[in-house]
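Let's take a friendly walk through this protein, with the structure open beside you. We will look at some helix packing and then at a metal site.

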Amino acid sequence: MIECVFTLDYEIYGNGAGTLKDLVYEPGERLRDIFRKWKARFVNFVELAEFEKIEECGTDRTIDLVKQQIRELSLDGFETAMHLHPQWYNAVYDRGRWQLDYSEYNLCTLPLPRIAQIVDRALSYLRHVTNRPGFTPLSFRAGNWLFQPTEAAANILAGKGVKIDSSVFKGGLQHNNTLDYRRALKNGYYWRFDSDVNQQVSSGRWIEVPIYTEMVPFWRMPTSKRLSLSNSFGAARTAKQRLNRALDFLRPRYPLKLDFCRMTLKELTSMVDRVIREDSAEPGLHRPLVAIGHTKDLSDPQTVDAFLAFLRSREITISTFQDIYPKLLRETECAQASNAARIPNPAK
Ligand SMILES: [Zn+2]
C-alpha cells in the first residue's frame, strides 16, 4: 500500500538571499490553492531561525504575511513541522545582505547546551507564530538534511516531544558536512531509531520516514529543471570543499530525490510507477513515499497540479505525517513484538 507524503521546505535561499514575497509567500499561496483543489494537504517544514531573525531585524515587510500564511495553513489541516538552519541565529544584516554564521551550520555538531538553546528558541518562535502556546510539532527536518551525528540533537528534540524525522535521503553523501546516509539504503520505507538515524533499532524513540530516493546513474541527475551540477560546485567556498563536492559525485549511482518542484512530470510519474510495480509484486507492505519540495524552487506549479492528478488517477492517498503516525507506531510495535518472539529463550 502506497501513501504519498508531500513535504515542503518553507524558506528562502540558504545564504540568506532573496525576498520572502518571491521565495516563500507567493509560492506558498500557489501550493495552497493546488493542494486545496485536490483536497490534499502537505507537511509544512517551516524554517524557524530565518523568520525569527528577519522579524527581529525588520529586513522584509512580507514577514507578517508569511506568519499569517503559516497560521492559516495550520488551521486548514496542513501539518506544521520544524525545519532548522542554525546558521541564521548569529546572522548579521549588513548593507542589505545577510552574513550567516557557518560555524553553526550543522545543529548536530554543536555543544549540547547550544543545541538545547537553539531547539528551545525555535520552539518558542513556532508557538508565537502559530499562536498556539502549547504546540509541539510531530516532525522535524534538519537544515541541509544534516541529522548526523544524531544522538545529541535527537535526544534533545525527543525530550521536547518531536517523534518523526524526515532528514534522511537514502544513499546521501556530503563529504563537506560528513553526511553519509548510504547505510540507510538497507532499511525499509520507515524505521525506528535512537542514537544513529541510519541504524534501525526496534525499541527506538524516533521514527524515520526518509525522503524517497532512487539510486540512478550520474547521467540521469541533471535536467533542465534541476539545479545544475555547476551550481552545486559553485556553492563550495574553498578548493578543499570543491574537491569534497567532486568526491560526492564520483560514484556509479547517485540518490535522486522525489522532488515535486525540481523534477519534470515524466520523471515524477515514472518514479512512482516503479514503486507501484514493486507494490503490486508485494502488496502487503506499507510504503509511505515522502516527496520533497521547496517554496524557493517552485517555478512550475502546473507540474505539481498534474502530479496530484496522476496520484489521484492511481488511487494513491496523499497523507501527512500526522495522518500516518498512529499506523507507523502500530506497525513498528508489531515488528518489535515479532522480533522479540524470534529471540530464543535461553531457559529452554
Ligand atoms: Zn532548508
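## What counts as a contact

Where residues are said to meet below, contact means heavy atoms within 4.5 Å. Please keep in mind that this is a predicted model.

## Helices H1 and H3

With that cut-off in hand, start at the pairing of H1 and H3. From H1, the residues Leu-20, Val-24, Tyr-25, Gly-28, Glu-29 and Arg-32 meet a set in H3 made up of Ile-63, Leu-65, Val-66, Gln-69, Glu-72 and Leu-73. If you follow the H1 residues along the chain, a general point about helices may help: an α-helix has 3.6 residues a turn, so residues three or four places apart point the same way.

The axes of H1 and H3 lie 10 Å apart, and the two helices pack at an angle of about 25°. Because angles under 35 degrees count as roughly parallel, H1 is roughly parallel to H3. Their crossing is left-handed.

## Helices H2 and H3

H3 (residues 63-75) has a second partner to look at: its axis and that of H2 (residues 48-57) come within 10 Å and cross at roughly 140°. That angle makes H2 oblique to H3. Here too the crossing is described as left-handed.

Which residues make this contact? On the H2 side they are Phe-51, Ile-54 and Glu-55, while H3 brings Ile-63, Val-66, Lys-67 and Ile-70. You have already met Ile-63 and Val-66, which also face H1 residues in the pairing above.

## Helix H5 and its surroundings

Next, find H5, which spans residues 151-160. Five of its residues to pick out are Ala-153, Ala-154, Ile-156, Leu-157 and Ala-158, and they are buried. The buried residues of this helix pack against E3, helix H4 (112-130), strand E6 (139-142) and strand E11 (206-208).

Just after H5 comes Gly-161, with a positive phi near 110°.

## The zinc site

Finally, turn to the metal. The zinc ion is coordinated by two OE atoms of Glu-11 together with NE2 of His-83 and NE2 of His-85, at 2.1 to 2.5 Å. Along the chain, these donors follow the spacing E-x71-H-x1-H. Glu-11 sits in the loop between strand E1 (2-10) and helix H1 (20-37), and His-85 in the loop between strand E3 (79-84) and strand E4 (92-94), so the pair links distant parts of the chain, 74 residues apart.

Are Glu-11 and His-85 buried or exposed? Both are buried. What is the geometry of the site? It is irregular, with angles of 56 to 125° among the four donor atoms.

Technical notes: Residues are numbered from 1 along each chain as its sequence is written. This is a predicted model: local features need pLDDT of at least 70, side-chain atom pairs count only at pLDDT 80 or more; totals for chains, interfaces and linings use all residues. Side-chain values use heavy atoms; hydrogens and water are left out. Donors are N, O and S atoms within 2.8 Å of the metal (3.2 Å for Na, K and Ca); water is not among the atoms, so sites may look incomplete. Four donors count as tetrahedral if all angles lie between 85 and 135 degrees; four count as square planar and six as octahedral if opposite donors are over 155 degrees apart and all others between 65 and 115; anything else is irregular. Helices (H or I, at least four residues) and strands (E, at least two) are DSSP runs, numbered from the N terminus. Buried means under 20% relative accessible area, exposed over 50%, partly exposed in between (1.4 Å probe, protein chains only). Axes are lines fitted to C-alpha atoms, for helices over the stretch in contact, and angles run from 0 to 180 degrees between N-to-C directions. Angles under 35 degrees count as roughly parallel, over 145 as roughly antiparallel, 65 to 115 as roughly perpendicular and the rest as oblique. A crossing is left-handed if the near helix is turned anticlockwise from the far one by less than a right angle, and right-handed if clockwise.
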